[in-house]
Every structure is written in C-alpha cells, then in structure tokens.
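Please open the model in your viewer with the cartoon representation switched on. The tour below proceeds by selection, one element after another.

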Amino acid sequence: MPYIAMQNETLDPLSHAVKELFGLSYLFPYQRLVIANILEAAQAAGIGISWPRQLPGELPDEQPGEEPGEGLPEALFDRESSGRQIVILPTGAGKSLCFQLPAMLMEGPSLVIYPILGLMADQERRLAERGFSPVLLRGGQSREERDAIWKKLRSGQSRFLIANPEVLLSPQVMGRLKEIKIIHIVIDEAHCVSEWGETFRPSYLEIGKIIEAAAAPLVTAFTATAGAAVLQKIEKHIFGGRGAQKIVGNPDRKNIRYAAQGCILRNLAVRDLVFANARPAIVFCSSRPGTEKLARYLRNEMFERALPWHRESIPRETVPMEIRFYHAGLSREEKKETEDWFLRSKNAVLTTTCAYGLGIDKSDIRTVIHRDCPPSVEAYLQESGRAGRDGLPSRAIFLWGPEDERSMSRARTDADKKRISRLLAYARDIGSCRREALLDLLDYDGEKDSPGSSCCDVCDKEARSGLREEQSLGDFFRRNRRCYTAGEASGVLARAENIRWQEEDAEEAIDYLIKTGKLKKLKNPLWRNKISIGPYPQGQRTIKKLTANHTNQHELLQRNPPVFLWKHLKRPVF
Ligand SMILES: [Zn+2]
C-alpha cells in the first residue's frame, strides 16, 4: 500500500499528532517508520515527549497492526544504533515531516543542517508559515543577534535551529552547542560528504565534530543517493563509524499511472488532457509567464470561445470550470488565496511552476500534467507525486516535443543537460514500463512490482510514438494532397468544428512538420506552395484515397475529419 490512510475513529497517536500539528491526513510508511524510530530512541534517552491533547503518551508502535517496521527486514532494527538513522529518500519525498513532527513533540531543540543558504531559508520560511518560529544561524550576525538566538532555544520559544556546517564549526558557535542541549541533529543532503558527487561540500566531512560537540542523543541523516560508497562515507564522517539504521523510503507510488506523449502544440495538448482526465489537476510549467499564459489560454478555450463541442459532446460536469495560476512571484496574499481556493476545489485546474507544493498539501489531486520538462528525474517524481496522496487512482502525464530544445538550452551545466536528456529519453521510450524506468533512473533497487492494470501507458499498450499532430496532419494532407498551401490548410482546419484549434496553432504545427521533412511544400509550378506528404514512415495505416472536390473542401473535412482532437475527445488516449 503506497500510503497509510487514516480513519478518524482509529487514529493512533502519530496520526493524531500529524493531523493536529500539520493538518495532514496521511503519512507514508517510511515517514511513519522514521518518526517512530526517532521517538522510540528519544524515549530510551529519557527525552520528554508531549503528544497533542487527549491522547495517552504511548508510542505509535504499540498500536496493533501499525508496527512501524512492517514490510522491512528485521535486520534494520538493531537496537545498537538506536537514535542514529540514515534515511534514503529522493529529494522532496516528504522528508521534512520526518523531523518536523518529532521536533514538535519532543522537549528540546532540534538542529537542522543544510548545505546551502537557499535550502536553509526555504526551511525557515516553511516552518514559520506553520507557526513554528525557527531560528537561523548565518554568517555576519552580531553578538546581540546570536544571544537572542541562544535565548530563544534555551527558553523553548523556538524548537528549530537551522544552520550550515560552516557557521556551526566556528569556535564561537561550537562552544555554545553543548549548553543549548540539542536533542536531535538532522543532516539534510548527507550525500554532500561524497567527494566524487557533484554536490560535494568539504564542510560536510566535519559534521562529526559538530555532533560530538553538541552531544545530541539523536542523529538522522537524509540522503537522496543510496550507493554503497556514499553510505559508507556518511557512516564514517557523520556517525564516526558507529553504525546507523538505514531506512530506504520506497519512492514508488502504485496508485499513479504514468504516461507520456509527444506534441507540437503543448497548450492545446494540455487543454485536451484536462478535459479527458479527472480533476483537480495541476499543470507544471517551467516559467512564471508560462503559467499565466497557459491559464489564460485554458480559460479562453473553456469559456470565451463557447465551444460548441463542449456543449454538445461533453457532459457539462466534465468541463473544468475553475482555472488559476500559481508561482513564486505572487504576493503572499495572492498565494494564500490561490492555495485556499485550490485546497477546497474539486474541479479545479491549477497551472504552476515548481513553487507549488512548498507547504501545500492537497491529497485529492487526480491528475498532474507536465507541460514542460522538469530539471531532473527527482524533480519529476516529486512533482508527479503530488497526485493521489489519498491513495486513489491518479495520473501523471508528461508532455515532450520540439519545445524541449528550450529546456535544454536553459540547462547551465553538462550535468543538468544530462539529467534533462535522461528524462526526455524516458518520455520518448515506448518500449519499457514507465514505472520501472523511473525507478531505475533513481537507482532505486528495492521492491519494484507493477500494480498490474493502470501501471502506465506502455503496460496498457496505449503508448504512442511520435508527435500527436504528426499523424493527424499527415492523414489530412494525405487525403488532401496538393489541395492547400499551409495558410489555406490552417484556415480550413481552424474552421472545422470537431477540431477546434486556432489558425495560428495549425500553422505552427504545419510549419514544424515542413521543417522536419514530414510534410513538403511543392515547387512544381502547377502546385507551387501546396502541401504534400513527405516521406512518411512506413507501416502507418493507409488512408482510403478520397477524391478532393475543390469546391467543397469544407464538407469533405466535415465528413472525414482529421483524427486529431476529435479522437482525443471521444476516447481519452492518455
Ligand atoms: Zn508499466
């Protein structure tokens, strides 16, 4: 089971606490396990734990049927390394909760170590938004500022100290660490200890000294990389070779069906997908203006154009009625308002950048569409993992196509380029199961069984190679060989009621296919600039030859519509 659903009547203390303090109604099994281990070790070390009101102070693993170690090898639970954990989780798989929740329950401050200032600031913001008043240690703080920080921690006013190793290693801070009685040290991105990784931070090699100076009984290291060599380094430099429990979070989400499709016109593809798939839906875009433009486009398509096809052929309740955008450039109030609106809505479409998700938890998102290519497999899994947190069937759809060249050109380093091209290769491949391909890309080698039906478009034999416009426009020009110039064809296509795209869309798609040789512009004086079919791949279905009646082209099109949107709308193909 990819999640642990919580029924109100059977709330164990952990579920109750996560609901009370974070408003969440689910915990992934690995989150439950990591938290239970921390609390158990805390209890063994004599640290006070205060559960939210009206609950007995019992640990969650005392609940029948809720053994935290369920499904994991017994060997993982050696009491020897109690209090020391290495948690292997892809970035963004919900690890913050693993230390935030214990920090709220245990009596004493937690220290969270990050490699870079950006991550520190992000965590600070997220904790502050939840009302947890964290304190942040950074270079350049005055003596007064530092004194205020120590005071807040000692008095229990703040339970979170956020810092990077460089600041912690300064003699002035090292001298203070013991006296503030830190009970839990959390190291994020622990793989930064690895010299051969791209994320290497020399200061991470000295984290062991910090742990020793603080003498905290609990230490949890999070890493996204599970290679044996990296784990060894973490054990050596962070845990001083004393061993630690290892917990592998299974990133596989069996209730999500993965699919990918190539297209030239992405906004149009998104429009068809939000019709054909269940909502609430999120569409991830790579830029802030992109989210606004797409939301405008979708709104225009749904309402302003008052499309006859959605009144006639699509039941009204399937029309997405609410479309908004979200990105980090919005004001705090705008963000809050959009978040609240989206949380409540059952039929909404939200276009967003990767800014969505920081501190927002909506468990019933049914469809996640990636209009643009995210920067890495980890980012893709994190964002697509926003779907179906309630455990019900959900879909993740990835769009690829000519626009990916732009994502590639935005990549700054060769490593970034490599990450993107791995993801694009995943999208274009229709030969292997997408779930397996994604887990392989993450180097995950744990349990990997397919959920059977609704695993992915490949397993369901619905994956299609090539761009979706390619075949439909190919069909159109095969039927209407030498009848139209690009401009004329665009006009005809835009007028066809069952296609419903705009003239400039049609033109863009035709132009692209001419550029790539799939269609060709004739040079013969008799047919100058009329479009014919290029050397089309063999084996595609042959279209019955039709006699084009030049005076009645429009009628011809009505009788024999291109398979394009018409097909998509009648039968969801994703
Ligand atoms: Zn599959």
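Which residue is the bridge partner of Phe284 in strand 13? Select Phe284 together with Thr352: in this predicted model, Thr352 is that partner. Next, extend the selection to residues 281-284, which form strand 11, and to residues 348-352, which form strand 13. These two strands run parallel and are joined by 4 bridges.

Now display the sheet to which they belong. This open sheet has 6 strands, with parallel pairing, in the order 10-15-14-11-13-12. At its edges, select strand 10 (256-262) and strand 12 (322-326), each of which pairs on one side only. From one strand to the next, the twist averages 15 degrees. Then add residues 377-384: this is helix 14, which packs on the sheet and touches strand 10, strand 11, strand 14 (367-370) and strand 15 (394-400). The direction of helix 14 makes about 150 degrees with that of strand 14.

Proceed to the other sheet. An open sheet of 7 strands, paired in parallel, follows the order 5-6-4-7-8-3-9. Strand 5 (135-136) and strand 9 (245-248) each have a single partner strand, so one side of each lacks a neighbour in the sheet.

Within this sheet, select residues 110-113 (strand 4) and residues 184-187 (strand 7); the two run parallel, with 4 bridges between them. Ile113 stands opposite Ile187 of strand 7.

Finally, select two helices. Helix 4 (residues 117-129) lies across strand 4, strand 5 and strand 6 (160-163), and runs at about 160 degrees to strand 6. Helix 9 (residues 228-237) packs on the sheet, where it touches strand 3 (84-88), strand 8 (218-223) and strand 9. Its direction makes about 155 degrees with that of strand 8.

Definitions and conventions. Residues are numbered from 1 along each chain as its sequence is written. This is a predicted model: local features need pLDDT of at least 70, side-chain atom pairs count only at pLDDT 80 or more; totals for chains, interfaces and linings use all residues. Two strands pair if DSSP finds at least two bridges between them. Two residues are in contact if their C-beta atoms, placed from the backbone, lie within 7 Å. Axes are lines fitted to C-alpha atoms, for helices over the stretch in contact, and angles run from 0 to 180 degrees between N-to-C directions.
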